[in-house]
Amino acid sequence: MRALITGGAGFIGSHLCERFLADGHAVVCVDNLITGSLTNIDGLRANPRFSFVGHDISHPLEVEEPLDAVLHFASPASPVDYLKFPIQTLKVGSLGTHNALGLAKAHTARFLLASTSEVYGDPEVHPQREEYWGNVNPIGIRGCYDEAKRFAEAIVMAYHRTHGIDTKIVRIFNTYGPKMRLDDGRVLPNFMGQALRGEPITVYGDGSQTRSFCFVSDLVEGIYRLLAAEFHEPVNLGNPDEVTILQFAEEVRALTGSRSPIEFRPLPVDDPRQRRPDTTRAASLLGWGPRVSLDDGLRRTLEYFRTAR
């Protein structure tokens with residue numbers, strides 16, 4: 001297989017590149033490095049089956065070599081990033097998805113969209129099933145990311161129904177692991193970075209809001225299985241074990257051996273109160289479920305952050 005992965009130098013994208021290469025496939029990694037990093041793919045560039053294309057997929061791209069699969073993972077994905085780059089986020093979710101679908105159509109390739117649990121917004125249904133339409137503020141500060149992904153899902157389904165493209169949609173819940181940036185603004189790198197530096201660990205609100213955390217290798221396994229599945233509607237991938245943000249902060253502090261105090265700050269606008277996937281569809285369709293425990297995953301991530309900071 002020859003797979004093109006947009007956002008392939010990003011956190012999840014680079015792990016996908018590694019997985020495809022490990023299984024003997026060829027990979028074309030496309031990234032404009034707005035939030036990705038060449039460091040993430042340094043170990044891959046000597047592989048003759050790997051090629052890197054520096055390109056913004058919001059602009060059209062032509063690829064002469066045959067493609068069997070196009071995986072669209074290009075997008076700022078953390079609040080720090082998409083609030084810094086709101087227009088680029090909207091463009092890569094709309095124009096970028098359109099261009100990536102065009103590549104899949106031209107090459108008669110399978111297509112997989114990296115969507116997000118953010119399409120559910122601040123959910124009124126818990127846990128979140130794929131049939132739930134969400135509770136999103138389209139003009140709020142997070143709307144640039146939430147609505148870009150909702151549009152992306154819509155155009156993917158339109159291309160499937162109109163052009164018969166073999167499309168897949170994965171809704172990714174909180175994922176963590178090596179290759180995350182310490183400064184990307186998501187809760188895990190925030191907490192670990194602050195704990196390692198001895199700074200106060202900042203918890204927004206009273207810390208009672210919940211999240212669930214999936215280790216990146218589990219996510220990649222689910223994506224890999226979904227690409228081969230004969231299914232076209234969205235599939236949740238994430239860990240259904242739910243913890244409060246305050247519990248998570250305390251766990252990170254204990255693991256790092258830090259004496260950092262926990263500091264409470266006002267809750268950001270439109271921050272979801274609850275977030276947990278219903279993974280029934282992934283279990284029945286893909287035989288998938290997370291295997292890496294939170295304790296094990298946090299230890300592996302901490303080892304990476306100790307050398308990366």
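1. Contact here means heavy atoms within 4.5 Å. On that basis, helix α7 meets helix α9 through Phe-248, Glu-251, Leu-255 and Thr-256 on the α7 side, and through Leu-294, Asp-295, Leu-298, Arg-299, Leu-302 and Arg-306 on the α9 side. By class, this contact has 5 nonpolar, 1 polar and 4 charged residues. The model is a predicted one.

2. The geometry of this pair is as follows. The axes of α7 (residues 245-256) and α9 (residues 294-308) come within 11 Å and cross at roughly 60 degrees. Angles from 65 to 115 degrees count as roughly perpendicular and those under 35 as roughly parallel, so α7 is classed as oblique to α9. The crossing of α7 past α9 is right-handed.

3. A second helix pair is α3 (residues 86-107) and α4 (residues 143-163), whose axes come within 8 Å and cross at roughly 15 degrees. Because of that angle, α3 counts as roughly parallel to α4. Here too the handedness can be stated: α3 passes α4 in a right-handed crossing.

4. Which residues make the contact between α3 and α4? From α3 they are Pro-86, Thr-89, Leu-90, Gly-93, Ser-94, Thr-97, His-98, Leu-101 and Lys-105. From α4 they are Cys-144, Tyr-145, Ala-148, Phe-151, Ala-152, Ile-155, Val-156, Tyr-159 and His-163. Sorted by class, the residues of this contact are 11 nonpolar, 6 polar and 1 charged.

5. Two residues of that contact, Leu-101 and Val-156, are also touched by Thr-167. Thr-167 lies in strand β6 (residues 167-172). Is Thr-167 buried or exposed? Its relative accessible area is 0%, so Thr-167 is buried. Leaving aside residues up to four places away in sequence, the other residues Thr-167 touches are Phe-111, His-160, Phe-231 and His-232.

6. The largest nonpolar core has 59 residues. Those touching the most other members are Leu-16, Phe-20, Leu-71, Phe-73, Phe-191, Ile-223 and Phe-248. Helix α6 (residues 216-228) supplies the largest share of this core, with 7 residues. In soluble globular proteins, nonpolar side chains tend to be buried together.

7. Phe-191 is one of the core residues named above. Not counting residues up to four places away in sequence, Phe-191 touches Ile-201, Thr-202, Val-203, Ile-245, Phe-248, Ala-249 and Val-252. Phe-248 is thus worth a second look: Phe-248 is listed with Phe-191 in the core and takes part in the contact of α7 with α9.

8. Apart from the largest core lies another, of 24 residues, including Val-30, Ile-57, Ala-152 and Ile-165. Ala-152 belongs to the α4 side of the contact with α3 as well.

How values were computed: Residues are numbered from 1 along each chain as its sequence is written. This is a predicted model: local features need pLDDT of at least 70, side-chain atom pairs count only at pLDDT 80 or more; totals for chains, interfaces and linings use all residues. Side-chain values use heavy atoms; hydrogens and water are left out. Helices (H or I, at least four residues) and strands (E, at least two) are DSSP runs, numbered from the N terminus. Buried means under 20% relative accessible area, exposed over 50%, partly exposed in between (1.4 Å probe, protein chains only). Axes are lines fitted to C-alpha atoms, for helices over the stretch in contact, and angles run from 0 to 180 degrees between N-to-C directions. Angles under 35 degrees count as roughly parallel, over 145 as roughly antiparallel, 65 to 115 as roughly perpendicular and the rest as oblique. A crossing is left-handed if the near helix is turned anticlockwise from the far one by less than a right angle, and right-handed if clockwise. Ala, Val, Leu, Ile, Met, Phe, Trp, Tyr, Cys and Pro count as nonpolar, Asp, Glu, Lys and Arg as charged, and the others, Gly among them, as polar. A nonpolar core is a set of buried Ala, Val, Leu, Ile, Met, Phe, Trp, Tyr and Cys residues joined through side-chain atoms within 4.5 Å.
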